[in-house]
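Work through the exercises below with the structure open beside you, and try each task before you read its solution.

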There are 2 protein chains.
Amino acid sequence: MNELKTITVLFRAYNSLEKAVRDDIAKYGLNTSEFGVLEALYHKEKLSVKGVIDKVLTPNSSMSYVIENLVNKGYIIKNQSEKDKRSFVLELTQMGRKMMDVIFPLHKQNIRDILNVLDKEEEIALQKALVKIGKSSLRK
Amino acid sequence: MNELKTITVLFRAYNSLEKAVRDDIAKYGLNTSEFGVLEALYHKEKLSVKGVIDKVLTPNSSMSYVIENLVNKGYIIKNQSEKDKRSFVLELTQMGRKMMDVIFPLHKQNIRDILNVLDKEEEIALQKALVKIGKSSLRK
DNA sequence: TGTAAATATTTCGAATTCGAAATATAATTA
DNA sequence: TAATTATATTTCGAATTCGAAATATTTACA
């Protein structure tokens, strides 16, 4: 049997899921990186740039660009931290929060609609396997 | 429980796996898209551009660029098809094939080293779940 | 305290990626 | 056979992404 089948189906599943998400949030003029930042802030109130980077998959060199766009669009604000002058604190604007109040539940439902092809046990098992792979591919 | 956990761990697993693969093949001056094309041709001898597109995850608008780079690097050749003048046939050069003879086994082993944290049953179950998700996210 | 190492963030330049529209040829059908 | 539709591929312009190096500030420690 093909030894690479697992990675093939993983890449394909990721790609089609990612595209579904991308198309969904593109309706609101956002890309995946931007949405990731908004989502992190939606749950955490305030986060430093580093705090966001630790939560999402965007590398720091791209993050400045993503954040700048979100600031320009008026969805987040960025203030230098008093404690640590290297650091900048991000939070949603009122507009950003209102938008997320609308988008986030739709986004969640959209994903659930896709994932619900799996029954509960399958989904749990999938999570476990993926966590293992995630860890395994880091130590390399 | 967090309803989005599955997508989170899927995205993370993909990302770290993809990075492991990317770093690996970057040693040979290739990126993931390029490697995907070479891999398709390595197994199939000859393929049209469309044939390659159907096998990999790169959209056609990007494919021209990827193929052009591979031609310039001397790893593949591209000839207009006699049968169908719209179509172009791709195949590995001798150099391309020799390189893949070296890279491909290493690439495969690299991935197996990561995936072998899973036992056989886990891996099969993972494949099944991912295939379901792949299909499920297409019809949207 | 002064200097070195660590951390947070940005800048830079270049490569890659994308969707939409354009081009060229082939297949279909009226 | 002419006109229409379908298919294969490329072009275009713009946005995004990346790693590496630079900057600024803080922390460690000699």
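**Exercise 1.** Which residues are the closest to DNA strand C, and how many residues surround this strand?

*Solution.* This is a predicted model, so the answers are read from predicted coordinates. Begin with the count: DNA strand C is surrounded by 24 residues. Next pick out the closest of them, which are Val49(A), Lys50(A) and Ser61(A) from one chain and Ser61(B) and Lys85(B) from the other. Then ask which elements supply the surface: two or more residues come from each of α3 (49-55) and α4 (60-73) of chain A, and likewise from α2 (32-44) and α4 (60-73) of chain B. Finally, sort the residues of this surface by class, which gives 7 nonpolar, 12 polar and 5 charged.

**Exercise 2.** Identify the elements of chain A that form its side towards chain B, and find which of them gives the most residues.

*Solution.* First establish the contact itself, in which 38 residues of chain A meet 38 residues of chain B. The elements of chain A that each supply at least two residues to this side are α1 (5-26), α5 (94-115) and α6 (120-138). Among the contributors, α6(A) gives the most, with 14 residues. As a last step, divide the residues of this side of chain A by class: 22 are nonpolar, 7 are polar and 9 are charged.

**Exercise 3.** Decide how α2(B) and α4(B) are oriented towards each other, and name the residues through which they touch.

*Solution.* Start from the geometry: the two helices, α2(B) and α4(B), pack at an angle of about 75°, and their axes are 10 Å apart. An angle of 65 to 115 degrees counts as roughly perpendicular, and α2(B) and α4(B) are therefore roughly perpendicular to each other. On the side of α2(B), the contact is made by Ser33(B), Glu34(B) and Val37(B), while α4(B) brings Ser62(B), Val66(B), Ile67(B), Asn69(B) and Leu70(B). Sorted by class, this contact has 4 nonpolar, 3 polar and 1 charged residues.

**Exercise 4.** Describe the sheet of chain B, and state which helix packs on it.

*Solution.* Write down the strand order first: the sheet is open, has 3 strands in the order β1-β3-β2, and its pairing is antiparallel. The edge strands are β1 (46-48) and β2 (76-80) of chain B, each of which pairs on one side only. From one strand to the next, the twist averages 30°. Now look at a single pair: β2(B) is joined by 5 bridges to β3 (residues 88-92) of chain B, and Asn79(B) stands opposite Val89(B) in β3(B). The helix packed on the sheet is α4(B), which touches β2 and β3 of chain B and whose direction makes about 115° with that of β2(B).

Technical notes
Residues are numbered from 1 along each chain as its sequence is written. Chains are lettered from A and ligands numbered from 1 in the order in which they are written. This is a predicted model: local features need pLDDT of at least 70, side-chain atom pairs count only at pLDDT 80 or more; totals for chains, interfaces and linings use all residues. Two residues are in contact if their C-beta atoms, placed from the backbone, lie within 7 Å. Helices (H or I, at least four residues) and strands (E, at least two) are DSSP runs, numbered from the N terminus. Ala, Val, Leu, Ile, Met, Phe, Trp, Tyr, Cys and Pro count as nonpolar, Asp, Glu, Lys and Arg as charged, and the others, Gly among them, as polar. A residue is near a molecule or strand if its C-beta atom, placed from the backbone, lies within 6 Å of it. Axes are lines fitted to C-alpha atoms, for helices over the stretch in contact, and angles run from 0 to 180 degrees between N-to-C directions. Angles under 35 degrees count as roughly parallel, over 145 as roughly antiparallel, 65 to 115 as roughly perpendicular and the rest as oblique. Two strands pair if DSSP finds at least two bridges between them.
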